[in-house]
Amino acid sequence: MKKGLIFDMDGTLWDSSENVAASWNEKLKALGYTDISITKSDIMSVMGLTMDKIADIIFKGFSREKRMELLEECCENENHYLREHGGILYSDLENTFIRLKEEYSLYIVSNCQKGYIEAFLEHYGFGKYFDDIECYGNNLKSKGDNIALIAKRNSLDKAFYIGDIQGDYDATMQAGLDFIHAAYGFGSIAQTVPELPEFRQLPELLKTL
């Protein structure tokens, strides 16, 4: 039986919000938008949404065309910035990956732009732990569709999705997989689900499921 763990990114593996905000402000200033300032709270409030929805919220004062143009510029700079600076990792991430790999294949599915997951993997050298990744920016598919796609593409017989917000749970149910809540992350889940208090406790939690 091939078993897999599919991870969300923001609020599950790391918190990049401060550096994402810094990268967006850097690009906006370079483009001449000195009157716009993006805060960490602004970024945290939209994490988990697809990129088009983020543009609608963050750049709501602009036309649809301009929103997407600014989003593309900011996301490109964001990828470069995170590849260099990284973010804040959750507890004992790499050692936990090593332990999990003994029994599970590891994957990432996010609603992020193309290149974001790669920036995370490249900055920390984590690429060797993951067998496949997928994101909204690659194919414009919903998170539920991409979770199902990863499971099918990798012939998983049993898989859990680990995420931190209600949208992650809803997407997992759409994909027909089991869900684990990263309770240390950005959100809560209305349903009763397995709760993960700290990332490093995941191997022990899985033994009970």
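# Cavities, sheet and pocket

Trainee: I've just opened this one, so how do the residues of the lining of the largest cavity divide by type?

Mentor: They divide into 11 nonpolar, 4 polar and 4 charged residues. Please keep in mind throughout that this is a predicted model.

Trainee: How much space lies in that largest cavity, and which residues lie nearest its centre?

Mentor: The space in the largest cavity comes to about 200 Å³. Its lining is made of 19 residues, and those nearest the centre are Asp10, Met47, Gly48, Met51 and Ile54. Helix 1, helix 2 (40–46) and helix 3 each contribute at least two residues to this lining.

Trainee: How many cavities of 30 Å³ or more are there?

Mentor: The count comes to 2, and the second largest cavity has a volume of about 30 Å³. Around that second largest cavity stand Asp8, Asp10, Met47, Gly48, Asp164, Ile165, Asp168 and Phe186, which divide into 3 nonpolar, 1 polar and 4 charged residues.

Trainee: Let me pick Asp168 from that list. Is Asp168 buried or exposed?

Mentor: Asp168 counts as buried because its relative accessibility is 2%, and buried means under 20%. Asp168 belongs to helix 9, and, leaving aside residues up to four places away in sequence, Asp168 touches Asp8, Lys143, Tyr161, Gly163 and Phe179.

Trainee: Switching to the sheet, what is the order of its strands?

Mentor: The sheet is open, with 6 strands in the order 5-4-1-6-7-8, and the pairing is parallel. Strand 5 (132–135) and strand 8 (195–196) are the edge strands, each of which pairs on one side only.

Trainee: And how many bridges join strand 1 to strand 6?

Mentor: There are 5 bridges between strand 1 (residues 3–7) and strand 6 (residues 158–163), and these two strands run parallel. Within this pair, Ile6 stands opposite Tyr161 of strand 6.

Trainee: Which strands does helix 6 touch, and which does helix 9 touch?

Mentor: Helix 6 (residues 116–124) packs on the sheet and touches strand 4 (105–110) and strand 5, with its direction at about 140° to that of strand 5. Helix 9 (residues 166–175) also packs on the sheet, where it touches strand 6 and strand 7 (178–182), and its direction makes about 170° with that of strand 7.

Trainee: What about pockets: what is the volume of the largest pocket, and which residues lie nearest its centre?

Mentor: The volume of the largest pocket is about 270 Å³. Its lining has 13 residues, of which Met51, Leu71, Glu72, Cys75 and Gln113 lie nearest the centre, and the lining divides into 6 nonpolar, 3 polar and 4 charged residues.

Trainee: Where does the largest share of that lining come from?

Mentor: Helix 4 gives the largest share, with 6 residues. Helix 3 (51–58), helix 4 (64–85) and helix 7 (136–139) each supply at least two residues of the lining.

Trainee: Met51 came up for the cavity as well. Where is Met51 found, and what does Met51 touch?

Mentor: Met51 is found in helix 3, and with a relative accessible area of 9% it is buried. Apart from residues up to four places away in sequence, Met51 touches Leu71, Cys75, Asn111, Cys112, Gln113 and Tyr136. From Met51 to Tyr169 the separation is 118 residues in sequence and 19 Å in space, C-alpha to C-alpha.

Trainee: Now Ser17: is Ser17 buried or exposed?

Mentor: Ser17 is buried, since its relative accessible area is 0%. Ser17 is in helix 1 (residues 17–30), and its contacts, again without residues up to four places away in sequence, are Lys40, Ile43, Met44 and Met47.

Trainee: Last topic, the backbone. What is the phi of Asp92, and where is the place of Asp92?

Mentor: Most residues other than glycine have a negative phi. Asp92 has a positive phi of about 55° although it is not a glycine, and Asp92 sits in the loop between strand 3 (88–89) and helix 5 (93–100). Asp92 is partly exposed, with a relative accessible area of 40%.

Trainee: And what about Leu140: what is its phi near, and is Leu140 buried or exposed?

Mentor: Leu140 has a positive phi near 60°, and Leu140 too is a residue other than glycine. Leu140 lies in the loop between helix 7 and helix 8 (143–153), and at 61% relative accessibility Leu140 counts as exposed.

Conventions
Residues are numbered from 1 along each chain as its sequence is written. This is a predicted model: local features need pLDDT of at least 70, side-chain atom pairs count only at pLDDT 80 or more; totals for chains, interfaces and linings use all residues. Side-chain values use heavy atoms; hydrogens and water are left out. Two strands pair if DSSP finds at least two bridges between them. Helices (H or I, at least four residues) and strands (E, at least two) are DSSP runs, numbered from the N terminus. Contact means heavy atoms within 4.5 Å. Axes are lines fitted to C-alpha atoms, for helices over the stretch in contact, and angles run from 0 to 180 degrees between N-to-C directions. On a 1 Å grid over the protein atoms alone, a cavity is a set of points where a 1.4 Å probe fits but cannot get out, and a pocket is an open set with protein on both sides within 12 Å along at least five of seven lines; lining residues have an atom within 4 Å of a point. Grid points are joined across faces, edges and corners, and a volume is the space filled by probe spheres set on the points. Ala, Val, Leu, Ile, Met, Phe, Trp, Tyr, Cys and Pro count as nonpolar, Asp, Glu, Lys and Arg as charged, and the others, Gly among them, as polar. Buried means under 20% relative accessible area, exposed over 50%, partly exposed in between (1.4 Å probe, protein chains only).
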